[in-house]
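Please look through the model shown here, starting from a ligand and its surroundings and moving on to the nonpolar interior.

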Amino acid sequence: MADIRNNFVGIKSPNPFWLASAPPTDKAYNVERAFKAGWGGVVWKTLGEEGPPVVNVNGPRYGAIWGADRRLLGLNNIELITDRPLQVNLQEIKQVKKNWPDRAVVVSLMVPCQEESWKAILKPVEETEADGVELNFGCPHGMSERGMGSAVGQVPEYIEMVARWCKANTRMPVVVKLTPNITDIRYPARAAKRGGADAVSLINTISSITSVNLDTFSPEPSIDGKGSHGGYCGPAVKPIALNMVAEIARDAETRGLPISGIGGITTWRDAAEFMALGAGNVQVCTAAMTYGIRIVQEMISGLENWMDEKGHKDLSSIVGRASGNVTDWQYLNLNYIAKAHIDQDLCIKCGRCHIACEDTSHQAITANLNGARHFEVKDEECVGCNLCVNVCPVENCITMVPLAAGVLDKRTEKPVVADYANWTTHPNNPGATCVTG
Amino acid sequence: MSDGVHRDGIAAGRLSAEDYAINFSDLHPPLSAHEARVEADRCYFCHDAPCMTACPTSIDIPLFIRQIVVGNPLGAAKTILSQNIMGGMCARVCPTETLCEEACVRETAEGKPVKIGELQRFATDAAMTANRQFFARAQPSGKTIAVVGAGPAGLACAHRLSMHGHDVTIYEARSKPGGLNEYGLAAYKATDDFAQAEVDYITAIGGIRIEHGKALGRDVTLDSLLKQHDAVFLGIGLGGVNALGASGDEASVAAVDFIETLRQATDLAGVPVGRRVVVLGGGMTAIDAAVQAKLLGAEEVTICYRRGPEQMNASAFEQELATANGVVIRHWLQPKKVFHNGGPDVTGVELEYTAMRDGKLVGTGETVSLLADQVFRAIGQTLDGVSAAGVTLTDGRIAVDAGFRTSNPKVWAGGDCVRAGEDLTVTSVAQGRDAAESIHRALGA
Ligand SMILES: Cc1cc2nc3c(=O)[nH]c(=O)nc-3n(C[C@H](O)[C@H](O)[C@H](O)COP(=O)(O)OP(=O)(O)OC[C@H]3O[C@@H](n4cnc5c(N)ncnc54)[C@H](O)[C@@H]3O)c2cc1C
Ligand SMILES: Cc1cc2nc3c(=O)[nH]c(=O)nc-3n(C[C@H](O)[C@H](O)[C@H](O)COP(=O)(O)O)c2cc1C
Ligand code: SF4
């Protein structure tokens, strides 16, 4: 059986599945239940500074988008950090950690941008025996207007400064949680590293409006007829998060910086993908909020099963395995040629591949043969774009088949070249470094 | 086109080889990967899922379906088999329409439950095809347990006992294991010798020895078993068949005997069936006998039941299956006389109309006669008293407590032979498993 025990910046947990800082980790009641269900760790819901806690709206705080069959695909929230008194949270954290010494308990923090404030909160957190802290530079709503959350996370200099303060004032590992509401994730990640952070975690939520009520003309979720942008998360944000993780994992400056992957993780497969792209472990919020904390059982079973099947002994044999395969577009092999192929036995003849290609792409799929509905790829037109694969409702019905070297590409009427060649050397590239002979 | 269906009397080979093959193929062919994916996607992953509560073995249905969705069919199989080691057979034969699928919230929402049974088969087939075993035996306990009967109850009990490190000897009267899985269930529900494949899969855990041809009451006694073993589990099912209480009864055939002949036949063309068949009864056995008689090429098959459609033990789905196969179901008729030519050849059956009067079922005096070459009795099975000697009975079945312990503190019992739950494969598995847990606790104490 594969060993899925996790060691993330020295914080040990029986598996790499942590609950992200959010409502599922807002109180001992939830966290105890999560640990019973099997979660390896939690990042406690973000604590603020001593004093009267923040207040939340008293109406809807969530909006959503759904796929077919009302499957929740994206969730948006306008919730703030914890609205429970600091002391209550600290006492509960201490008790939970005592009850569950083998699980990871990391405490998320967000206080004003002054060294004194950070110093003041780090000490009592240390006293809870928690395993580490996560600095929340991510919240895109509510806190940012107060100069915290993403307002800090969008300024690399602030990130670096706060990370440095924290490292100087605590023995605990410091994880910096990044906001995706920036143009290039590498800048804040580099700043965190320069500040001495032990790791980064990402992504926090993305600024969003999920929908507008066309009767009242209020954005949803609507509070007395008005709405405010919220933070978007759930399956819909996973591709954005994966890319950001990959960018940090392969950046020369941040390579090797531990990453806790977050964003839309719903199944073992999502988790494995994040880890393959360089995340040392993963955090989950929306999936737990949608289906309940029990989903971790599927994640554990699925990950173990896949690792057994593939012969991966422990997490170190999967973490980062895909990062080396992430490259810049200009280095992709332009001599690699693939064509779509439709498996006629699996085809249910819906015609979506045809119309997608016909109306919007390369007119490379037939609609009939001898008067009967028949969908087949015309190799002489197919550019191998993959659109048909993606719109086909039947899994594996349309596949991309690479052409072997020497085979004639009917579209270009040239044989496939075995050698690797990319844009940097392509004759059409005005800046090409060398000219083909 | 075969004219075999019109041949009078009882005859074999009424159909072509091709027709037999088609008629007795899988009732629900296995789902393809695509079908399974689409179906699994419909599950809402309910909290405290009603389907799970409705399953007598309490399989974590939402979890196993989710495991199918995410491409982990082996994990799904493990989830199923850890609660129900006969999850493969149950997937094929459970009346899901009155169990998990009836409780599915999508049945409530749109009258179309998730096809839980077929998804269960998808997952368990994956594990059995890969020959993946999920359970290992605990340290040897040094205890041995006698299990009587290698049916669903006995096998489930033996498997769980073996997991706990006990050694099990199964005493089985017949020459093959499986109980009614092998001898009773409809052929189109358990194709390709699945019953035997499943027994092999279950016993592969080790520590289970089956002694065939050893009947309790004939070859061994309860006392001798108790002397040799630390505990005894009785999973002997129901060996007897109720009589009609009509004249000419002796010329009728027990439906279970007909089904057994059919299940054991190596070539269905060799199984004789009447041109006109009447089946008396209203349960699963009546339906199975009638449908299979029809599939063997009987021209006319009529089920006569003494009460109305609502009282039939066979579910609405089973009744529809019968009528879809051309079986006629008639209600409010009870047998009075089986006509025969002095010998074994049946010529017809006389029935009396019935009605409910003051909460009692009574004959109205009016009668009707039907032509028949074969009359099958399917009006219930009974406990064989010899096998159950030595333990207290209640209501004609073995009396057990909540832990399936009988009046003898060293004897447990489960499955059809006890007075608890419905007579179903899945219930028998649940009881065998729970009895094993109870035995394990008792032996540990
Ligand atoms: C025709 C028919 C169709 C059915 N169809 C379905 C269906 O579709 N779905 C469903 O869920 N259920 C169905 N059932 C019910 C189901 O088959 C039973 O509930 C289930 O098999 C009971 O399991 P068991 O282990 O208690 O007994 P059995 O399966 O009857 O097994 C008992 C075993 O004990 C052995 N035995 C008996 N006496 C002795 C003895 N003295 N010594 C040694 N061994 C002995 C027998 O040979 C047999 O192997 C059907 C039943 C019948 C008769
Ligand atoms: C209701 C809600 C509240 C959240 N609160 C916090 C928070 O207090 N601190 C924080 O760092 N992240 C917070 N998050 C963000 C999550 O921790 C996580 O980064 C984000 O939801 C992406 O992961 P997901 O797609 O698995 O939900 C919150 C998310 C939600 C949905
Ligand atoms: S989820 Fe609970 S707290 Fe939220 S609106 Fe529904 S009932 Fe109220």
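Which ligand atom lies 2.8 Å from a polar side-chain atom of A:Lys45? That partner is a nitrogen atom of ligand 2, and the pair is a polar contact, meaning N or O atoms within 3.5 Å. An oxygen atom of ligand 2 is also placed 2.5 Å from a polar backbone atom of A:Gly264, while an oxygen atom of the ligand lies 2.9 Å from a polar backbone atom of A:Cys285. Taken alone, ligand 2 exposes 610 Å², of which the protein buries 99%, with areas from the Shrake-Rupley method and a 1.4 Å probe.

The model is predicted, so local features need pLDDT of at least 70 and side-chain atom pairs 80 or more, whereas totals for chains, interfaces and linings use all residues. Residues are numbered from 1 along each chain as written, chains are lettered from A and ligands numbered from 1 in written order, and side-chain values use heavy atoms, without hydrogens or water.

The largest nonpolar core has 82 residues, and A:Trp118 is among those with the most contacts inside it; such a core joins buried Ala, Val, Leu, Ile, Met, Phe, Trp, Tyr and Cys residues through side-chain atoms within 4.5 Å, buried meaning under 20% relative accessible area (1.4 Å probe, protein chains only). A second, separate core of 40 residues includes B:Met86 and B:Phe194.

Of the 445 residues of chain B, 54% count as buried, and its C-alpha atoms fill a box of roughly 65 × 55 × 50 Å along the principal axes.

Methods
Buried means under 20% relative accessible area, exposed over 50%, partly exposed in between (1.4 Å probe, protein chains only). A polar contact is a pair of N or O atoms within 3.5 Å; within protein, one must be able to donate a hydrogen and the other to accept it, and residues adjacent in sequence count only if both atoms are side-chain atoms.
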